[in-house]
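Morning, everyone. I've got one structure to walk you through, so let me put it up on the screen.

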Amino acid sequence: MNAPSPDRRRFLTAGAAVLGAAASAQLWLPSPARAAATPLPDGVFALGVASGDPLPDGIVLWTRLAPDPLNGGGMPEEVFPVEWELAEDERFRRTVRRGTAEARPELGHSVHVDVRGLRPDRPYWYRFRADGRLSPTGRTRTAPHAHQRGGALRVALASCQNWQHGYFTPYADMLAQDPDFVLFVGDYIYESAPSATAVRRHEGKGEPYTLEQYRNRYAQYRTDPDLAAMHANAPWVVTFDDHEVDNDWAGEVPQDPDKQSHDAFVARLAAAFQAYYEHMPVRASAVPTGPHIQMYRRLEFGRLARLNVLDTRQFRTDQATTQAGAESPSMTMLGAEQKQWLRDGLRDSPARWNLIASQIMMAETDLLPGDGKLWYYDAWDGYQVERNSLLREFADVRNPVVLSGDRHLTMVSDLKEDFADPDSDVVGAEFVGTSVSSNGDQDEAAFHAQWDPLKADNPHWKVIDCHRGYHLFDIRRDGIDAQVRVVDTVVGPQATASTLARLRVESDEPGVQVV
Ligand SMILES: [Fe+2]
């Protein structure tokens with residue numbers, strides 16, 4: 001994709017201004033869509049619009065009819081036709097695709113339109129209409145042509161947005177930075193019960209277990225104005241981690257198997273995955289089948305970058321509880337099928353950059369000062385044998401870069417072929433993209449008092465930091481320029497953003513350098 005230009009910034013400003021203000025309906029030509037049997041209530045587009053999973057010729061458009069979003073949606077139990085249109089300009093003078101989709105009650109009246117036949121590497125604007133009511137206008141972007149080698153791709157890496165820990169202020173800055181797409185690597189919602197001492201309180205009365213409860217939780221998150229605006233202004237590529245279902249779940253094992261029976265947890269997975277699909281701009285391949293959802297997938301951005309999006313929850317063995325357990329060859333993070341899929345995709349990749357979106361951190365975190373190791377068992381450290389075999393293969397992969405989350409910290413690291421051997425080769429780079437709001441505003445002095453003594457045990461760390469924010473990457477053939485973008489606060493709806501660190505990954509030189 002082309003480097004952000006003044007033109008694109010102008011589009012962004014104008015596109016953002018249209019949000020919320022109903023675009024003029026008379027520009028929309030009459031369509032043959034049949035009328036709904038029941039008139040729709042006001043505010044059916046309260047959850048806004050979104051787009052995702054860009055292809056060179058396609059994009060997924062999303063909305064959900066929900067006039068009473070925190071109470072099950074508030075829609076009659078009927079199928080409603082929803083017209084959509086997509087144009088080359090924000091005023092919809094050059095509409096290139098239009099159609100009618102169905103908002104079905106069994107899918108929470110969500111709408112997913114997989115538009116094809118588009119031109120590569122360019123912006124599009126889209127909107128929906130139901131029963132004469134217009135949605136806000138969204139802006140999106142297609143991926144570059146499959147054969148495009150050059151150009152630049154601007155990617156924002158985000159994760160971990162706990163409503164109760166703060167406002168999603170990093171998205172206001174992300175919007176201004178105008179990424180080509182947002183990569184979200186998990187913890188889109190948190191399943192925790194409402195807390196009276198929270199910055200903002202979760203809806204409901206406890207943790208969600210049923211489909212309606214998960215729907216209400218997603219709907220509440222989408223009412224954050226910065227999150228909604230970011231969805232409306234760029235395509236997202238999403239995957240989930242644990243909190244979309246239950247803290248630290250693994251396969252069909254919940255956090256607390258003594259409190260949730262297997263049957264109850266499988267029902268909970270099915271409800272959580274369905275609500276996830278209903279609220280995310282993903283393709284129909286991600287329509288869940290009971291307690292299963294297909295989320296690992298690849299996206300291509302010309303010859304510049306291949307993005308492997310992992311699922312590190314559904315196929316993993318339950319977490320180890322000891323150092324020896326973490327080193328057992330029986331532990332798998334990806335499952336055999338996904339692991340083979342990833343290896344094939346890395347080995348045969350035509351791309352200059354091979355990005356791996358992993359929910360959880362791949363580089364080692366040794367928590368024990370001095371001799372010996374102590375690992376986090378929920379991250380790749382808890383799955384040593386599989387992680388180490390992947391790192392060995394990275395030596396033969398062109399420019400592997402892992403983009404992860406989960407830790408609620410910025411950790412930028414070299415990836416070593418063997419973390420047990422300090423002299424082993426650097427084979428890649430990893431960015432752990434802090435959190436949008438989870439952990440709230442942290443005490444920097446306390447953070448450094450805790451973590452700085454561990455730096456000697458983790459010499460692969462290049463930057464560690466506890467601010468809330470996200471990472472921004474400008475990917476070109478010769479290198480990736482990365483910025484750690486942070487905000488000064490998430491306790492209120494306004495924040496000031498800044499660049500905490502700049503880093504560079506040179507093409508064909510494994511590892512990451514602080515600039
Ligand atoms: Fe998290």
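So what volume does the largest pocket have? It comes to about 330 Å³. Before I go on, some ground rules: this is a predicted model, where local features need pLDDT of at least 70 and side-chain atom pairs count only at pLDDT 80 or more, while totals for chains, interfaces and linings use all residues. Residues are numbered from 1 along each chain as its sequence is written, and side-chain values use heavy atoms, with hydrogens and water left out.

Now, the words. Everything here is done on a 1 Å grid over the protein atoms alone: a cavity is a set of points where a 1.4 Å probe fits but cannot get out, and a pocket is an open set with protein on both sides within 12 Å along at least five of seven lines. A lining residue has an atom within 4 Å of a point. Grid points are joined across faces, edges and corners, and the volume is the space filled by probe spheres set on those points.

Back to that pocket. It has 18 lining residues, and the closest to its centre are Y376, D406, R407, H408 and N439. The lining splits into six nonpolar, six polar and six charged residues. For that split, Ala, Val, Leu, Ile, Met, Phe, Trp, Tyr, Cys and Pro count as nonpolar, Asp, Glu, Lys and Arg as charged, and the others, Gly among them, as polar.

Keep H408 in mind, please, as we turn to the metal. Which residues coordinate the iron ion? They are C160 through SG, D187 through OD, Y190 through OH and H408 through NE2, at 2.0 to 2.5 Å. A donor here is an N, O or S atom within 2.8 Å of the metal (3.2 Å for Na, K and Ca), and water is not among the atoms, so sites may look incomplete. Along the sequence, the donor residues are spaced C-x26-D-x2-Y-x217-H.

The angles among the four donor atoms run from 86 to 170°, and the site is irregular. To be clear on that label: four donors are tetrahedral if all angles lie between 85 and 135 degrees; four are square planar and six octahedral if opposite donors are over 155 degrees apart and all others between 65 and 115; anything else is irregular.

Two of those donors, D187 and Y190, are both buried. Buried means under 20% relative accessible area, exposed means over 50%, and partly exposed is in between (1.4 Å probe, protein chains only).

What does the record say about domains? An unreviewed UniProt entry annotates residues 47-142 as "Phospholipase D N-terminal" and residues 156-483 as "PhoD-like phosphatase metallophosphatase". UniProt positions are in the numbering used here, feature names are shortened, and annotations may be inferred rather than shown by experiment.

Residues 47-142 are 0% helix and 49% strand, with the end C-alpha atoms 23 Å apart. Over residues 156-483 we get 25% helix and 20% strand, and the end C-alpha atoms are 10 Å apart. Helices (H or I, at least four residues) and strands (E, at least two) are DSSP runs, numbered from the N terminus.

One helix to look at is α2, residues 170-177, where six of the eight residues are buried. Those are P170, Y171, D173, M174, L175 and Q177. Right after α2 comes D178, with a positive phi near 55°. In the loop between β9 (153-158) and α2 sits F168, which counts as buried because its relative accessible area is 0%.

On the subject of phi, most residues other than glycine have a negative one. D53, in the loop between β1 (49-52) and β2 (59-64), has a positive phi near 45°. F92, in the loop between β3 (80-87) and β4 (95-103), is positive too, near 60°. D53 is buried at 3% relative accessibility, and F92 is buried at 4%.

D53 turns up again in a cavity. How many cavities of 30 Å³ or more are there? The count is two. The second largest holds about 40 Å³, and its lining is D53, V282, R283, S285, A286, Q294, M295 and R297.

Last stop: is A456 buried or exposed? It's exposed, because its relative accessibility is 71%. A456 lies in the loop between α9 (444-451) and β18 (461-465), and although G370 is 86 residues away in sequence, the two C-alpha atoms are 8.2 Å apart.
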